[in-house]
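Reader: I work at the bench, and I want to know what stands behind each label. Please set each value against its cut-off.

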Amino acid sequence: MSAGRFIALEGGEGVGKSTQLRLLAQALQADGHVVVTTREPGGTPGAEAIRAMVLANEGEGWGPRAEALLFAAARADHVDRLIRPALERGEWVLTDRYLDSSRAYQGGGSGLSDDDILALHRIGSEGLLPDRTILLTLDPEETARRLTLRDEGRADRIGGRDAAYHARVAAAFRRFAEAEPHRFTLVDASGTPESVHARILSAVSGL
Ligand SMILES: Nc1ncnc2c1ncn2[C@@H]1O[C@H](COP(=O)(O)OP(=O)(O)OP(=O)(O)O)[C@@H](O)[C@H]1O
Ligand SMILES: Cc1cn([C@H]2C[C@H](O)[C@@H](COP(=O)(O)O)O2)c(=O)[nH]c1=O
């Protein structure tokens with residue numbers, strides 16, 4: 001059996017991660033691979049329950065530390081019950097967000113240290129990292145246009161944070177990608193879904 005591969009799609013709100021995850025899964029399946037598609041927070045019943053708690057607009061929400069712990073707990077369940085078993089079966093796992101979202105949002109956006117986020121990941125998920133992380137980048141104006149068309153002004157608790165928060169998130173993603181080029185590939189998310197898909201295919205061709 002060939003080894004499984006683990007790919008994460010990352011980036012800010014509405015850059016096209018879910019759209020590209022679907023297209024990549026279809027291409028890999030057409031190539032004969034068994035593909036598991038999933039998302040964070042979520043992917044298992046426990047992690048989806050945490051998703052509902054952290055993203056709901058009702059109630060007073062969570063402080064940055066509680067939020068980071070909840071995302072790490074959701075990830076621990078996701079890794080333990082879905083991601084590792086699929087990789088051990090030799091399947092390809094494609095996830096819409098993973099650890100670098102915690103580093104960018106709870107770290108870059110909310111001010112927790114990167115060391116603390118990585119410590120939670122070591123404890124929760126034994127530090128499991130993707131084979132490749134595709135960071136989709138898009139200018140804020142085009143992102144806003146896509147989100148307005150999709151959401152018509154509705155946003156969840158984190159998506160609804162102000163522009164300065166999301167600018168810090170985007171800057172943090174870029175810093176990580178520049179600091180860890182062996183792990184990240186930056187992909188321009190502008191243009192048609194098909195043209196972005198072609199860039200992603202070339203980014204994963206080495207796998
Ligand atoms: N290349 C593209 N050009 C124009 N519109 C696009 C493109 N890719 C995706 N879209 C549209 O933009 C919106 C956001 O895309 P999508 O839901 O895939 O983004 P996302 O990054 O997964 O969002 P979120 O972070 O909220 O989960 C959707 O309405 C989608 O149809
Ligand atoms: C994994 C993860 C996610 N988030 C935030 C990012 C988004 O605002 C939501 C997820 O919803 P989407 O449909 O993927 O946009 O949660 C976060 O803050 N930290 C994380 O670790």
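**Labels and their cut-offs**

Author: Strands β4 (residues 132-137) and β5 are paired, in the parallel sense, over five bridges. In β5, Leu 186 is the bridge partner of Leu 135. The model is predicted: local features need pLDDT of at least 70, side-chain atom pairs count only at pLDDT 80 or more, and totals for chains, interfaces and linings use all residues. Residues are numbered from 1 along each chain as its sequence is written, while chains are lettered from A and ligands numbered from 1 in the order in which they are written.

Reader: What makes β4 and β5 a pair?

Author: Pairing takes at least two bridges found by DSSP. β4 and β5 have five bridges, so they pass. Strands themselves are DSSP runs (E, at least two residues), as are helices (H or I, at least four), numbered from the N terminus.

Reader: What is the order of the strands in the sheet?

Author: The order is β2-β3-β1-β4-β5. It is an open sheet of five strands with parallel pairing. Neighbouring strands are turned by 20 degrees against each other on average, direction ignored.

Reader: What makes β2 and β5 edge strands?

Author: Each pairs on one side only. β3, in contrast, has a partner in β1 (residues 5-10) over five bridges and another in β2 (residues 35-39), also over five. Phe 6 is bridged to Val 93 of β3, and Thr 38 to Thr 95.

Reader: How many residues of β3 (residues 92-96) are buried?

Author: Five of its five residues are buried. Buried means 20 or more other C-beta atoms within 10 Å of a residue's own; 12 or fewer is exposed, and in between is partly exposed (C-beta atoms placed from the backbone). Side chains of a regular strand alternate between the two faces of the sheet. On one side of β3 are Trp 92, Leu 94 and Asp 96, on the other Val 93 and Thr 95, and all are buried.

Reader: Buried or exposed: which is Arg 97, and how do you know?

Author: Arg 97 has 24 other C-beta atoms within 10 Å, so it is buried. It sits in the loop between β3 and α4. Its phi is near 80 degrees, a positive value in a residue other than glycine.

Reader: And Ala 56 and Glu 126: how do they score?

Author: Ala 56 has 11 other C-beta atoms within 10 Å, so it counts as exposed. Glu 126 has 11 C-beta neighbours inside 10 Å and is exposed too. Ala 56 lies in the loop between α2 (45-55) and α3, Glu 126 in the loop between α5 and β4. Glu 126 also has a positive phi of about 50 degrees, although it is not a glycine.

Reader: How are α3 (residues 64-88) and α4 oriented to each other, and how do you know?

Author: Their axes come within 11 Å and cross at roughly 175 degrees. Axes are lines fitted to C-alpha atoms, for helices over the stretch in contact, and angles run from 0 to 180 degrees between N-to-C directions. Under 35 degrees is roughly parallel, over 145 roughly antiparallel, 65 to 115 roughly perpendicular, the rest oblique. α3 and α4 are therefore roughly antiparallel.

Reader: Which residues of α3 and α4 meet?

Author: Contact means C-beta atoms, placed from the backbone, within 7 Å. Pro 64, Glu 67, Ala 68, Phe 71, Ala 72 and Arg 75 of α3 meet Leu 99, Ser 102 and Gln 106 of α4. They divide into five nonpolar, two polar and two charged. Nonpolar covers Ala, Val, Leu, Ile, Met, Phe, Trp, Tyr, Cys and Pro; charged covers Asp, Glu, Lys and Arg; the others, Gly among them, are polar.

Reader: What covers the buried residues of α4?

Author: The cover includes β1, α3, α5 (114-125), β4 and α7 (163-179). Eleven of the eleven residues of α4 are buried.

Reader: Which residues are closest to ligand 2?

Author: Near means a C-beta atom, placed from the backbone, within 6 Å. Ligand 2 has 13 surrounding residues, with Glu 40, Ser 101, Ser 102, Tyr 105 and Ile 158 the closest. Helix α4 (residues 99-109) gives the most to this shell, four residues. By class, five are nonpolar, four polar and four charged.

Reader: Which residues come nearest to ligand 1?

Author: Of the 14 around it, Gly 16, Ser 18, Thr 19, Arg 146 and Arg 150 come nearest. α1 (17-30), α6 (140-151) and α8 (193-204) each give two or more residues to the shell.

How values were computed
Two residues are in contact if their C-beta atoms, placed from the backbone, lie within 7 Å.
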